[in-house]
Amino acid sequence: MPVIIELILAVVLIGAVISYFTRSRRVSERQAMTERRVDAYIETIRREADKPELAAMSDTELRDLLLSSAHNLKVQSDRRMYFLFGGVVIALIGAIMVATEDGTRGFGIALLIGALVLYGFNEFLGRQMIGPLEQKGIDVERLRVE
């Protein structure tokens with residue numbers, strides 16, 4: 001049994017090292033995709049001209065605004081995922097604690113409550129993340145890079 005645990009830990013360590021070294025390539029590909037999306041969105045803003053406050057900006061100002069908005073969107077999305085992961089862990093631990101007192105029924109109810117709270121928290125954070133960009137007239141879906 002200890003040999004299996006050691007092998008699993010070694011595989012996880014090797015996977016982490018490989019992931020670390022390939023991360024820079026993924027980040028540069030993502031940055032290039034974001035810049036292409038921003039360029040395309042700038043062309044759309046110039047062509048449609050339906051948002052006068054964005055159309056009045058110079059190309060440099062608009063590029064900086066859109067790139068920083070895309071970066072902020074990515075950072076807030078990552079932060080939201082970290083909060084949700086922590087929330088899942090806390091909900092699961094809470095459900096296990098309730099299950100020790102109330103059994104399977106308590107476990108299910110605690111998981112349901114945890115899921116509802118996490119859903120509400122996810123929706124709140126999503127709206128907080130998108131709201132300021134929509135107030136500026138920026139279409140968030142044009143900046144997302146999957």
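These exercises walk through a predicted model of one protein, each with a worked solution.

The model is predicted: local features need pLDDT of at least 70, side-chain atom pairs count only at pLDDT 80 or more, and totals for chains, interfaces and linings use all residues. Residues are numbered from 1 along each chain as its sequence is written, and side-chain values use heavy atoms, with hydrogens and water left out.

**Exercise 1. The elements**

Task: State how many helices and strands the protein has, and give their order.

Solution:
- Step 1. Use the rule: helices (H or I, at least four residues) and strands (E, at least two) are DSSP runs, numbered from the N terminus.
- Step 2. Count them. The protein has 3 helices and 0 strands.
- Step 3. Read from the N terminus. The order is α-α-α.

**Exercise 2. The overall form**

Task: Set the radius of gyration of the protein beside that of a compact globule of 146 residues.

Solution:
- Step 1. Take the radius over C-alpha atoms; the globule rule is 2.2 Å times the number of residues to the power 0.38.
- Step 2. Apply the rule. A compact globule of 146 residues would come out near 15 Å.
- Step 3. Look at the model. The protein has 22 Å.
- Step 4. Add the box. Along the principal axes, the C-alpha atoms fill roughly 65 × 40 × 15 Å.

**Exercise 3. Buried residues and contacts**

Task: Find what share of the residues is buried, and what share of the contacts with a separation of 6 or more joins residues 24 or more positions apart.

Solution:
- Step 1. Fix the classes. Buried means under 20% relative accessible area, exposed over 50%, and partly exposed in between (1.4 Å probe, protein chains only).
- Step 2. Read the share. Buried residues make up 22% of the 146 residues.
- Step 3. Fix contact: heavy atoms within 4.5 Å.
- Step 4. Take the contacts with a separation of 6 or more. Residues 24 or more positions apart account for 64% of them.

**Exercise 4. The largest nonpolar core**

Task: Which residues of the largest nonpolar core touch the most other members, and which helices supply the core?

Solution:
- Step 1. Define the core: buried Ala, Val, Leu, Ile, Met, Phe, Trp, Tyr and Cys residues joined through side-chain atoms within 4.5 Å.
- Step 2. Name the best-connected members. The core has 16 residues, and Tyr-41, Ile-45, Leu-54, Leu-62, Leu-66, Ile-138 and Leu-143 touch the most other members.
- Step 3. Trace the helices. α1 (2-48) and α3 (59-135) each supply at least two residues. The largest share, 8 residues, comes from α3.
- Step 4. Follow Leu-143. Beyond four places in sequence, Leu-143 touches Arg-37, Val-38, Tyr-41, Leu-66, Ser-69, Ala-70 and Ile-138.
- Step 5. Recall the general pattern. In soluble globular proteins, nonpolar side chains tend to be buried together.

**Exercise 5. Buried or partly exposed?**

Task: Class Ala-70, Thr-44 and Val-98 as buried or partly exposed, and list their contacts beyond four places in sequence.

Solution:
- Step 1. Ala-70 lies in helix α3. Its relative accessible area is 9%, so Ala-70 is buried. Ala-70 is in contact with Thr-34 and Leu-143, leaving aside neighbours within four places.
- Step 2. Thr-44 lies in helix α1. Thr-44 is buried because its relative accessibility is 8%. Beyond four places, Thr-44 is in contact with Ala-49 and Arg-142.
- Step 3. Val-98 is found in helix α3. Its relative accessibility is 34%, so Val-98 counts as partly exposed. Beyond four places, Val-98 touches Gly-103, Gly-106, Phe-107 and Ala-110.
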